[in-house]
Amino acid sequence: MAEEDVYTKDGTVDYRGNPAIKKETGTWRACPFILGNECCERLAYYGMSTNLVTYFTTQLHQHSATASKNVANWGGTCYITPLIGAFVADAYLGRYMTILCFSIIYVIVSIVSSISTCLLLRNMGMTLLTLSASVPGIKPTCDAQGNCHATQGQSAVCFVALYLIALGTGGIKPCVSSFGADQFDDADEAEKEHKSSFFNWFYLSINIGALVAASLLVWVQTSVSWGLGFGIPAVAMAIAVVSFFSGTKLYRNQKPGGSPLTRMCQVIVASIRKRNVEVPDDKSDLYEIQDSESFIQGSRKLDHSNGLRFFDKAAVLGDLDNVKEQLNPWRLCSVTQVEELKAIIRLLPVWATGIIFATVYGQMSNYFILQGDTMDNRVGHTQLHISPATLSMFDTISVIFWVPVYDRIIVPIARKFSGRKNGLTQLQRMGIGLFISIFSMVYAVILESTRLKMVRRHNYYEQKEVPMSIFWQVPAYFIIGCAEVFTFIGQLEFFYEQAPDAMRSTCSALSLLTVAFGQYLSSLLITIVTKATARNGSPGWLPDKLNYGHLDYFFLLLTGLSVLNFIVFLLVSNLYTYKKSVGTLR
């Protein structure tokens, strides 16, 4: 076997920093440890988030609209902080070391409770949240009938805990999916084909953790103790740490390439400084280093692309640029550096179309739960009652069902028609998911309209529950789960593949940012709708007692936005230009 076939060709190294040997590292042999880590970490996250709106309304005694906005704002923050961890990973530590450092801090904190960095903050937050739900004095006060209220101080403790968790989670979330994908060599066609399957199974592991959270933990929180229900996630995080470290010797690691933000700023500044320079028609006249490797560590060269030609000015050699001496990176940039910025700019329109989908997805932890709270939550004709938050397990079951169906049935069938190894392109996959998501909102509109007709027909306005089974909500959850398999997994893979090599954690964080903006958009829509419709004594669309409102109109608004978003996605995806890597790193 030739020496070049012994090692990976994408620049990855083993845990000692030596070139990664193909037969001893990476691929599916390393993935179980990463998938196990993700499953436990997501169990911990969803164990806190799935039933949070119920905790706010029943324990903190918040109005339903306020509780929904608070959940949306917190959830959005949880998906903004990954930008911090992504920057650290891409610029300085690398994905493995970022996860490693944050995890070690977590373990130390669990033992000695000393103060350090973000993962400590996450641990502090989880501990504080558990204490805020269980320790007399800081937990909400409940009377003999189970009616609870919280003082401003008690509410403050809860929110400090939640936002410490949101801050701390940013160190891990953007790195794990990219780190798992790093285990497959981009320069090896056989391994590259398996990378697409990895994203499917990665998302499956997320939902296995979510399934346990939505079933077991929700039951513990509502039937046993909120303190215990918030404490179990800490155990899950400890298991996640053990799982991740167990595979250390098998991992392939990408080298950090320096600050991506600095490189992009250099291109922008250099382009502005050379704004009066003409860009040559021949791309070979643009500056690029002559070596086979890119000057950016851990990144392959990128081929020049047409479009966004203003930024090509940064790579035009001027009279003041002397390539034989020390270059001024704020005046002259390589083609690869310019193409990094172009790649990010081209991703943004596709990225923006994920926001509305994330808003629809976010309703499962907001108004789907509040809607379910107004319905008959008995299981059949028994006296067994379930929490509305438990129904989110049907979203998870849907994902667990559709992932293997997509990977083992849909992809092979699509491959026969398209001739592509992955069956569908990532953009096609995302588009299908956006289309499917429309029907989840259509169903939600029909269900709520039917429920309100029953309320008005039988004068159920003051009844907490109408005689309509909560299980009528299941199809909406199942449809969203199907849409997730297409949209969210396609998005994960798309942002990883189209990201420059040295910016993959950053782009993974960018894809997660759609969830953050989706949550914030949900909060904004609730605020606008409440102010616009609750006037002159009118309860509006979204009152505390939904029987007096028009939640169906709110779902109809989301349906219209989803249709408009799908049309925009078709336009921007049709105009998208894929990046092209040149050569290898070895």
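In this predicted model, F554 is in contact with Q363, Y367, L525, I526, V529, W541 and L542, leaving aside its neighbours within four places in sequence. F554 is also among the residues that touch the most other members of the largest nonpolar core, a set of 135 residues. The structure further holds 6 cavities of 30 Å³ or more, and the largest of them lies between domain 1 (27-121 + 149-250) and domain 2 (341-575), because both domains give residues to its lining.

**The largest nonpolar core**

- Together with F554, the residues F56, Y367, F368 and F555 touch the most other members of the core.
- Helix 17 (residues 474-498) provides the largest share of this core, namely 14 residues.
- Both domain 1 (27-121 + 149-250) and domain 2 (341-575) are represented in the core, each with at least three residues.
- One of the contacts of F554 is Y367, which is itself listed among the core residues touching the most other members.

**Helix 13, an enclosed helix**

- Helix 13 spans residues 354-362, and 9 of its 9 residues are buried, so this helix is largely enclosed by the rest of the structure.
- The buried residues in question are G354, I355, I356, F357, A358, T359, V360, Y361 and G362.
- Which helices do the buried residues of helix 13 pack against? They pack against helix 2 (27-49), helix 12 (335-352), helix 16 (426-458), helix 17, helix 18 (504-533) and helix 19 (551-575).
- Y361 is one of the buried residues of helix 13, and Y361 is also one of the residues that lie nearest the centre of the largest cavity.

**The largest cavity**

- About 620 Å³ of space lies in the largest cavity.
- Its lining consists of 35 residues, and those nearest the centre are R42, Y45, Y46, Y79 and Y361.
- By character, the lining residues of the largest cavity divide into 17 nonpolar, 13 polar and 5 charged.
- At least two lining residues come from each of helix 2, helix 4 (64-78), helix 8 (173-181), helix 9 (189-224), helix 13, helix 15 (392-418), helix 17 and helix 18.
- Helix 9 gives the most to this lining, with 6 residues.
- Helix 17 thus appears in two settings: it supplies at least two residues to the lining of the largest cavity, and it contributes 14 residues to the largest nonpolar core.

**The second largest cavity**

- The second largest cavity has a volume of about 90 Å³.
- Of the 13 residues that line the second largest cavity, E339, R346, Y578, K579 and K580 lie nearest its centre.
- Helix 12 gives the most to the lining of the second largest cavity, with 3 residues.
- The lining of the second largest cavity divides into 4 nonpolar, 4 polar and 5 charged residues.

**Residues with positive phi**

- L308 is not a glycine, yet it has a positive phi of about 50°.
- The loop between strand 3 (301-302) and helix 12 is where L308 lies.
- Is L308 buried, partly exposed or exposed? With a relative accessible area of 32%, L308 is partly exposed.
- N459, likewise a residue other than glycine, has a positive phi near 55°.
- N459 is placed in the loop between helix 16 and strand 5 (466-469).
- The relative accessible area of N459 is 59%, so N459 is exposed.

Methods
Residues are numbered from 1 along each chain as its sequence is written. This is a predicted model: local features need pLDDT of at least 70, side-chain atom pairs count only at pLDDT 80 or more; totals for chains, interfaces and linings use all residues. Side-chain values use heavy atoms; hydrogens and water are left out. A nonpolar core is a set of buried Ala, Val, Leu, Ile, Met, Phe, Trp, Tyr and Cys residues joined through side-chain atoms within 4.5 Å. Buried means under 20% relative accessible area, exposed over 50%, partly exposed in between (1.4 Å probe, protein chains only). Helices (H or I, at least four residues) and strands (E, at least two) are DSSP runs, numbered from the N terminus. Domain bounds come from an automatic or database domain assignment. Contact means heavy atoms within 4.5 Å. On a 1 Å grid over the protein atoms alone, a cavity is a set of points where a 1.4 Å probe fits but cannot get out, and a pocket is an open set with protein on both sides within 12 Å along at least five of seven lines; lining residues have an atom within 4 Å of a point. Grid points are joined across faces, edges and corners, and a volume is the space filled by probe spheres set on the points. Ala, Val, Leu, Ile, Met, Phe, Trp, Tyr, Cys and Pro count as nonpolar, Asp, Glu, Lys and Arg as charged, and the others, Gly among them, as polar.
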